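The following exercises concern the reading of a protein model. Each begins with a task and is followed by a solution in steps.

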Amino acid sequence: MNAIKIAVLLSILIASTLLIPGARAGIATSTVDQNGTKIGFNSNNGSASKIGTFDFNFPNGLGGLDFIEARIRLSVQLPPEAIGDLAPQIVFAKLGETNLDQALITGDAIRTDIRISYNLFPSGLGIVEKQTDFVNLTNAQNLALSAILASDPSSRLDAWLVSDTLTAITVPAFGEYVDLSGPFPIVVITRYDSTLDLKFVPEPSTSIAFTGLSLWLLRGARSWKRNRNLKFSNSKG
């Protein structure tokens with residue numbers, strides 16, 4: 001086996017070491033019971049409803065990961081005017097933060113571009129379950145999200161649904177309805193849950209380092225081959 005083939009095999013081995021173990025690229029998912037807490041927001045001109053505390057597992061830690069997209073599924077009650085720029089946003093915050101106005105200033109919370117709109121299917125005046133598509137995270141949001149997750153030993157964060165101007169927003173913990181299917185009416189209690197998905201990839205520096213190392217190995221292999229051929233020619237002469 002010549003040196004160039006050895007270098008290629010070493011490159012593949014290094015790639016598998018850097019990129020495969022521990023699902024270094026993929027989606028982290030957490031499903032929790034909804035919290036139901038509601039507080040004032042934006043000097044009480046709006047409101048914030050706590051969706052829940054999500055916990056994630058990153059076997060190799062957060063180092064070297066970039067969060068590029070996020071999506072959420074939740075049960076929510078919204079007013080009809082909660083559309084477009086008035087649709088409430090998802091906010092990620094450090095564990096236990098209750099003053100979101102201050103946390104957004106200090107960096108202990110970060111707004112995302114994920115909006116939960118009244119006309120996001122399905123729509124209705126009651127409590128409905130909605131799921132967004134994956135929404136891009138900016139570099140600033142990625143850095144803030146990484147810092148929030150790193151602040152907790154179990155990689156947990158609080159997710160809130162916030163509106164600067166609307167107060168008639170509810171992310172309930174429980175719901176109830178009357179079941180009339182039997183001989184007697186029965187009140188049925190429903191526990192709502194929510195799922196948060198975070199899509200991540202290795203930081204560009206990881207790929208750059210791998211590419212540089214591969215090129216170095218290939219250059220070294222070619223140089224070794226040239227030197228070997230030169231020595232062989234000299235020995236024959």
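**Exercise 1. The open sheet**

Task: Determine the order of the strands in the open sheet of five strands, and state which strands stand at the edges.

Solution. The model is a predicted one. Step one is to read the order of the open sheet, which is β2-β3-β9-β5-β6, with antiparallel pairing. Step two is to find the edges: β2 (38-41) and β6 (109-115) each have a single partner strand, so one side of each is left without a neighbour in the sheet. Step three concerns the twist, which averages 35° from one strand to the next.

**Exercise 2. A pair of strands and a helix**

Task: Describe how β5 and β6 pair, and state which strands helix α3 lies across.

Solution. First, consider the pairing. Strand β5 covers residues 89-93, and four bridges connect it with β6 in the antiparallel sense. Within this pairing, A93 has A109 of β6 as its bridge partner. In general, the strands of a sheet pair through backbone hydrogen bonds, in a parallel or an antiparallel manner. Next, consider the helix. Helix α3, residues 139-150, lies across β5, β6 and β9 (156-163). The angle between α3 and β6 is about 125°.

**Exercise 3. Alternation along a strand**

Task: Which side chains of strand β7 are buried, and which are not?

Solution. Begin with the general rule: in a regular strand, side chains alternate between the two faces of the sheet. Now apply this to β7, residues 128-131. V128 and K130 point to one face and are buried. E129 and Q131 point to the other face and are not buried. For Q131, the relative accessible area is 40%; Q131 is therefore partly exposed, as this class lies between 20% and 50%.

The next step is to place β7 beside its partner. Strand β4 (residues 65-76) runs antiparallel to β7, and four bridges join the two. V76 stands opposite V128 of β7. Leaving aside residues up to four places away in sequence, Q131 touches R71, I72, R73 and L120. Finally, compare sequence with space: Q131 and T195 are 64 residues apart along the chain, while their C-alpha atoms are separated by 8.9 Å.

**Exercise 4. Classifying loop residues**

Task: Decide whether S43, N44 and S155 are buried or exposed.

Solution. The cut-offs are needed first: buried means under 20% relative accessible area, and exposed means over 50%. S43 is found in the loop between β2 and β3 (46-55). Its relative accessibility is 64%, so S43 counts as exposed. N44 lies in the loop between β2 and β3. With 61% relative accessibility, N44 also counts as exposed.

The backbone of these two residues deserves a further remark. Phi is near 55° in S43, a positive value in a residue other than glycine. Phi of N44 is near 65°, again positive in a residue other than glycine.

S155 belongs to the loop between α3 and β9. Its relative accessibility is 12%, and therefore S155 counts as buried. Apart from residues up to four places away in sequence, S155 touches F54, D55, F56, F58, L62 and L149.

**Exercise 5. A cis peptide bond**

Task: Which two residues does the cis peptide bond join, and where is P122 placed?

Solution. The cis peptide bond joins F121 and P122, with omega about -5°. The location of P122 is the loop between β6 and β7.

**Exercise 6. A nonpolar patch**

Task: Which residues form the nonpolar patch on the surface, and which strands each supply at least two of them?

Solution. The patch is formed by F174, V178, L180, V187 and I189, and together these residues have about 520 Å² of accessible area. Strands β10 (174-179) and β11 (186-191) each supply at least two residues of this patch. Take V178 as an example: V178 is found in β10, and at 49% relative accessibility V178 counts as partly exposed.

**Exercise 7. The chain as a whole**

Task: How many helices and strands are there in the chain, and what share of the residues is buried?

Solution. The chain contains four helices and 12 strands. Of its 237 residues, 39% are buried. The accessible surface of the chain is about 12900 Å², and 57% of this surface belongs to carbon and sulfur atoms. As a last step, consider contacts between residues at least 6 apart in sequence: 76% of these contacts join residues at least 24 apart.

Key. Residues are numbered from 1 along each chain as its sequence is written. This is a predicted model: local features need pLDDT of at least 70, side-chain atom pairs count only at pLDDT 80 or more; totals for chains, interfaces and linings use all residues. Side-chain values use heavy atoms; hydrogens and water are left out. Buried means under 20% relative accessible area, exposed over 50%, partly exposed in between (1.4 Å probe, protein chains only). Two strands pair if DSSP finds at least two bridges between them. Patches are made of residues with over 30% relative accessible area and no salt bridge: like charges are joined within 9 Å, nonpolar side chains (Val, Leu, Ile, Met, Phe, Trp, Tyr) within 5 Å. Accessible areas come from the Shrake-Rupley method with a 1.4 Å probe; for residues, only the protein chains shown count as cover. A salt bridge is a side-chain nitrogen of Lys or Arg within 4 Å of a carboxyl oxygen of Asp or Glu. Contact means heavy atoms within 4.5 Å. Axes are lines fitted to C-alpha atoms, for helices over the stretch in contact, and angles run from 0 to 180 degrees between N-to-C directions.
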